[in-house]
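Me: Could you take a close look at one part of this model for me? I'd like to go through one residue and its surroundings, then whatever else ties in.

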Amino acid sequence: MLDRIALILSIIGALNWGGIGIFGFDTVAWIFGGQDALLSRLIYTVVALSGIWCISLLFRDREDVLDEHID
């Protein structure tokens with residue numbers, strides 16, 4: 001479950017970065033009151049932590065991941 005949440009948050013972060021890169025528009029900052037707003041910084045931090053968590057997915061054996069879902 002934690003893997004899925006981290007993956008979803010990482011995708012949201014990637015879409016936000018895509019918006020910044022393509023359109024120059026930061027959706028998180030726009031919704032939560034600017035890049036320096038506490039809530040925006042909290043969201044940026046949570047997305048960064050989920051990206052770090054997703055690094056662990058690269059080093060897991062496929063069989064271990066399948067066993068977790070079967071149990």
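Reply: Let's start with a yardstick: a residue counts as buried when its relative accessible area is under 20%, and as exposed when that value is over 50%. Keep in mind that this is a predicted model.

Now to asparagine 16, which sits in helix H1. With a relative accessible area of 8%, asparagine 16 falls under the 20% cut-off, so it's buried. Who is around it? Leaving out residues up to four places away in sequence, asparagine 16 touches Phe25, Asp26, Thr27, Val28 and Tyr44. Take Val28 from that list: valine 28 is 12 residues along the chain from asparagine 16, and their C-alpha atoms are 7.2 Å apart.

Phe25, another of those contacts, leads us on to the rings. The whole structure has 1 aromatic pair. Its partners are phenylalanine 25 and tryptophan 30, with ring centres 5.7 Å apart and planes at 55 degrees, so the pair is tilted. As for accessibility, phenylalanine 25 is partly exposed at 36%, while tryptophan 30 is exposed at 62%.

Helix H1, home to asparagine 16, also has a hand in the salt bridge, and there's 1 of those in the structure. Here arginine 60 pairs with aspartate 3, and the closest N and O atoms are 2.5 Å apart. Aspartate 3 belongs to helix H1 (residues 2-23) and arginine 60 to the loop between helix H3 (38-55) and helix H4 (62-70), so the bridge ties together parts 57 residues apart in sequence. Arginine 60 itself is partly exposed, at a relative accessible area of 25%.

Notes: Residues numbered from 1 in each chain as written. Predicted model: local features only at pLDDT ≥ 70, side-chain atom pairs only at ≥ 80, totals over all residues. Heavy atoms only, no water. Salt bridge = Lys/Arg side-chain N within 4 Å of Asp/Glu carboxyl O. Helix = DSSP H or I, 4+ residues; strand = E, 2+ residues; numbered from the N terminus. Buried < 20%, exposed > 50% of the residue type's maximum accessible area, 1.4 Å probe, protein only. Contact = heavy atoms within 4.5 Å. Phe/Tyr/Trp six-rings, centres within 6.5 Å; stacked < 30°, edge-to-face > 60°.
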